[in-house]
Every structure is written in C-alpha cells, then in structure tokens.
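Reader: I'd like to go through the labels on this one and see what backs each of them. Can we take it case by case?

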Amino acid sequence: MNTPEDAPSHGDGVLWGGASTARWPGLLAGGMAIFAILVVVRIPQAGPGALAILAAAALVAPLGRIEVVVVEAGLQVSYGRSGLVRQRFALSRLDSASTTHLSAWSGGGLGYKGSLRLIGWARAANRAGPGLCVRLDGRRTFTVSVAGPGGAVEALVGLGVRRGGVGG
C-alpha cells in the first residue's frame, strides 16, 4: 500500500526509464488458463479449484514486463503491458541505489519474492541479468530486474540519493 507521499505528482518529469521483458510469465499464465479450462471440462465439480488456478495465472502474467522509471519525486515500478499494477517509492524514502546482477535462482528464483513490510526485502525479477537495488527507510531493500540500471542509479544520485553497494 502506498502512502500519499509515495504518489508522484503529474508535473514530475521522467529522468530515466528502463524495462525488462520476458516470455515465460505469459506462457505460464496461458498454460495455467488452459489447464483450468481442461479441469472444469473433465471434472465439473472442480470449478472452485479452476478459479483459483485462473487467479494465479492473473498474478503471474504481469511479470512479463517490468518498467522502472525515475522521476523527480522518486522511483516508480510498473508491472504488465498496461502498467496498472505499480509500486512507488518517494524520494524521501530512498537511502541508496546501486546496480546488481541477478541470477535466475538467487533470491528464491524468478517472480515477485519477499515483502517490504513483513520481512524488509522484496525482489521483482523476470529474467537473469542486470538489476537495480535500492535501500529504503534505512532498513528495507528492493531489487528489480531492468536493462541498463546504471542510468537509474545516476539519475537517483542526481536527485540526492546516495550511491550504495547494497547488492541484491
């Protein structure tokens, strides 16, 4: 849940933008949807289970595209082609930013892992490769896969965020 200070205003200029795309989330979500339909056709009383599979597919699909944008108010991460699912981090919450290299299995694998509120770290990765790691509120770490994260670090440093080596 975002606080009002996390919402960038409409006048904020985009200082840097990058994205990370992968095919596996779309393929997995499509396979799950087909499986759910087959389950209902073969076992009609399994309808509630099929709905659960469809709900899981809807959660997986947006990881096919992750877009990261640095604006004057902070950092915004959008998921999916439509970008309706978003996380925003106000500049006042960002302590440091660094680049990192994500492997497919580090941090528990691909997907969205962790919880910033509950365990103090989260990771959104849809592929192995370069990523951006930000330290928040002095104790939380958010890592996201994105092409060319060095540009995001430079843009954030230009806004007064410390360059850090927090890793991911």
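Author: Sure, and keep in mind that this is a predicted model. Start with Phe 89: its relative accessible area is 3%, so Phe 89 is buried, as buried means under 20%.

Reader: What makes the pair of Phe 89 and Phe 142 tilted?

Author: The centres of Phe 89 and Phe 142 are 5.1 Å apart, with 45° between the planes. Pairing needs centres within 6.5 Å, and stacked is under 30 degrees while edge-to-face is over 60, so the rest are tilted. Phe 142 is buried as well, with a relative accessible area of 1%.

Reader: Where in the chain do those two sit?

Author: Phe 89 is in strand S4 and Phe 142 in strand S9, 53 residues apart.

Reader: Why is the pair of Tyr 79 and Tyr 112 called edge-to-face?

Author: Their planes meet at 75°, and the ring centres are 6.3 Å apart, so the pair is edge-to-face; the cut-off is over 60 degrees.

Reader: Why does Tyr 112 count as partly exposed?

Author: Tyr 112 has a relative accessible area of 35%, and partly exposed covers what lies between the 20% and 50% limits. Tyr 79, at 6%, counts as buried.

Reader: What makes Asp 137 and Arg 93 a salt bridge?

Author: The closest N and O atoms are 3.0 Å apart, and the rule asks for within 4 Å. Both residues lie in loops, 44 residues apart in sequence, so the pair ties those parts together. Asp 137 also meets Arg 140 in a salt bridge at 3.3 Å, and Arg 93, Asp 137 and Arg 140 are linked in a network.

Note on methods: Residues are numbered from 1 along each chain as its sequence is written. This is a predicted model: local features need pLDDT of at least 70, side-chain atom pairs count only at pLDDT 80 or more; totals for chains, interfaces and linings use all residues. Side-chain values use heavy atoms; hydrogens and water are left out. Rings of Phe, Tyr and Trp (its six-membered ring) pair if their centres lie within 6.5 Å; planes under 30 degrees apart count as stacked, over 60 as edge-to-face and the rest as tilted. Buried means under 20% relative accessible area, exposed over 50%, partly exposed in between (1.4 Å probe, protein chains only). Helices (H or I, at least four residues) and strands (E, at least two) are DSSP runs, numbered from the N terminus. A salt bridge is a side-chain nitrogen of Lys or Arg within 4 Å of a carboxyl oxygen of Asp or Glu.
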